[in-house]
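Good morning, and thank you for coming. I should like to take you through one chain today, beginning with its overall make-up and then turning to a few individual residues.

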Amino acid sequence: MTWGHTGSQTRLRKARQTLSARKLMVTVFWDVQGILLIEFMTRGTTINSEVYCRTLKKLNRAIQNKGRGLLSSGGVLLHDNARPHTAVRTGEV
């Protein structure tokens, strides 16, 4: 695979297809008052329903510790339709 500008006469460079060793996945939950939870994922971790459920439990504890009353007032968690988010196990948490 190569890339270059259309009509360019310069030598084309080959695109690299290696994963960056510097990338790190982070999950951030926040509300109008600020950040509730920041979780850095271990390198090589795959997000599945088990990992996502653990994250939701940490979020629940973080909300309780901040004492913002979100749990009693009925907060809303907005996420997309990715498999870990729509799994039956996730809905039980």
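**Overview of the chain**

Of the 93 residues in this chain, 18% count as buried. Please keep in mind that what you see is a predicted model. The average pLDDT over the chain is 75, and 65% of the residues reach at least 70. Among the elements, strand β1, residues 2-3, has the lowest mean pLDDT, at 59, whereas strand β4, residues 34-40, has the highest, at 90. Where pLDDT is low, the predicted coordinates should not be read in detail.

As to secondary structure, the chain has four helices and four strands. Their order along the sequence is β-β-β-β-α-α-α-α. If we take the contacts between residues at least 6 apart in sequence, 40% of them join residues at least 24 apart. The exposed area of the chain is about 8100 Å², and 53% of that is supplied by carbon and sulfur atoms.

Let me now turn to the strands. How do β3 and β4 pair, and over how many bridges? The pairing is antiparallel and extends over six bridges. Together β3 and β4 make a hairpin, with two residues between them. One of the pairs joins Trp-30 to Ile-35, its bridge partner in β4.

Both of these residues appear again on the surface. A nonpolar patch of about 700 Å² is formed there by Leu-24, Val-26, Val-28, Trp-30, Ile-35, Ile-38 and Phe-40. Strands β3, residues 26-31, and β4 each contribute at least two residues to this patch.

Two consecutive positions of β4 deserve a closer look. Ile-35 belongs to this strand, and so does Leu-36. Which of the two is buried? Leu-36 is, with a relative accessible area of 10%. Ile-35, by contrast, is partly exposed, because its relative accessible area is 44%, which falls between the limits of 20% and 50%. As a general point, in a regular strand the side chains alternate between the two faces of the sheet. For Leu-36 I would add one distance: its C-alpha atom is separated by 9.5 Å from that of Asn-60, and these two residues are 24 apart along the chain.

Next, the helical part of the chain. Thr-55 is found in helix α1, which covers residues 49-66. Is Thr-55 buried or exposed? Thr-55 counts as buried because its relative accessible area, 3%, is under the 20% limit. Setting aside neighbours within four places in sequence, Thr-55 is in contact with Thr-27, Phe-29, Leu-37 and Glu-39.

My last residue is Leu-77, in the loop between α2, residues 70-73, and α3, residues 83-86. Its relative accessibility is 40%, so Leu-77 counts as partly exposed. With neighbours within four places again left aside, the contacts of Leu-77 are Phe-29, Tyr-52, Leu-56 and Leu-59. Phe-29 is 48 residues away from Leu-77 along the chain, and the C-alpha atoms of the two are separated by 9.3 Å. Phe-29 is thus a contact of Thr-55 and also of Leu-77.

To close, I would return to two points. The hairpin of β3 and β4 supplies residues to the nonpolar patch from each of its strands. Strand β4 is also the element with the highest mean pLDDT, 90. Thank you for your attention.

How values were computed: Residues numbered from 1 in each chain as written. Predicted model: local features only at pLDDT ≥ 70, side-chain atom pairs only at ≥ 80, totals over all residues. Heavy atoms only, no water. Buried < 20%, exposed > 50% of the residue type's maximum accessible area, 1.4 Å probe, protein only. Contact = heavy atoms within 4.5 Å. Areas by Shrake-Rupley, 256 points an atom, 1.4 Å probe, with all protein chains shown as cover. pLDDT = per-residue confidence, 0-100. Patch = residues over 30% accessible without salt bridge, like charges linked within 9 Å, V, L, I, M, F, W, Y side chains within 5 Å. Salt bridge = Lys/Arg side-chain N within 4 Å of Asp/Glu carboxyl O. Pairing = 2+ DSSP bridges.
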